[in-house]
Amino acid sequence: MKVAVIRIEHFNAAHRLYRKDWSDEKNREVFGLCSNPNYHGHNYYLEVKVSGEVDPETGYVIDLKILKDIIKEEVINKFDHHNLNEDTEEFRNLNPTAENIVMVIYDKIRKRMDKSYDIKIRLSETERNIVEYPCD
Ligand code: NI
């Protein structure tokens, strides 16, 4: 019997959506206010969903303390209160859209988790703008 457990975290980060190979004009046209050269911030809400078999010995799918620590090490410590474009290796050459951020976070968490787990990441950039990876 598989059960999904979900850990919710959040972080604040600044970003700018733009392509270095496009003019400021074209960036503004495509990315709008999110392309503001002086950056802007978001309160990101992150949901990490882990599905797996319940261990009959512990009654856990995963110890949530372990999951919490992995998210903290891989995501929160690196992104919280940082400028994604300027302060992180991950987005130095990758546009920090919610789509790209959610895939980067997935890869980081995935590589720390046992293969037997299914992982799904949901990232809310605003209350109304939410991305999920992988897709159903
Ligand atoms: Ni933005």
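Which residues make a nonpolar surface patch of about 300 Å²? Let's find out in the close-ups below, after a short note on the model. This is a predicted model, in which local features need pLDDT of at least 70 and side-chain atom pairs count only at pLDDT 80 or more, while totals for chains, interfaces and linings use all residues. Residues are numbered from 1 along each chain as its sequence is written, and side-chain values use heavy atoms, leaving out hydrogens and water.

**View 1. A nonpolar patch on the surface.** Ile-6, Ile-8 and Tyr-45 make the patch. Patch residues have over 30% relative accessible area and no salt bridge, and nonpolar side chains are joined within 5 Å. A salt bridge would be a Lys or Arg side-chain nitrogen within 4 Å of an Asp or Glu carboxyl oxygen. Areas come from the Shrake-Rupley method with a 1.4 Å probe.

**View 2. Three histidines hold the nickel ion.** His-15, His-40 and His-42 each coordinate through NE2, at 2.1 Å; donors here are N, O or S atoms within 2.8 Å of the metal. His-15 lies in strand β1 and His-40 in strand β2, so this pair ties together parts 25 residues apart in sequence. Strands are DSSP runs (E) of at least two residues, and helices (H or I) of at least four.

**View 3. Helix α4 is mostly covered.** Helix α4 covers residues 98–110, and 10 of its 13 residues are buried, meaning under 20% relative accessible area. Among them are Ile-101, Val-104 and Ile-105. The buried residues of α4 pack against β1, β2, α2, α3, β4 and β5, where contact means heavy atoms within 4.5 Å.

How values were computed
Donors are N, O and S atoms within 2.8 Å of the metal (3.2 Å for Na, K and Ca); water is not among the atoms, so sites may look incomplete. Patches are made of residues with over 30% relative accessible area and no salt bridge: like charges are joined within 9 Å, nonpolar side chains (Val, Leu, Ile, Met, Phe, Trp, Tyr) within 5 Å. The expected span of a helix is 1.5 Å times one less than its number of residues. Buried means under 20% relative accessible area, exposed over 50%, partly exposed in between (1.4 Å probe, protein chains only).
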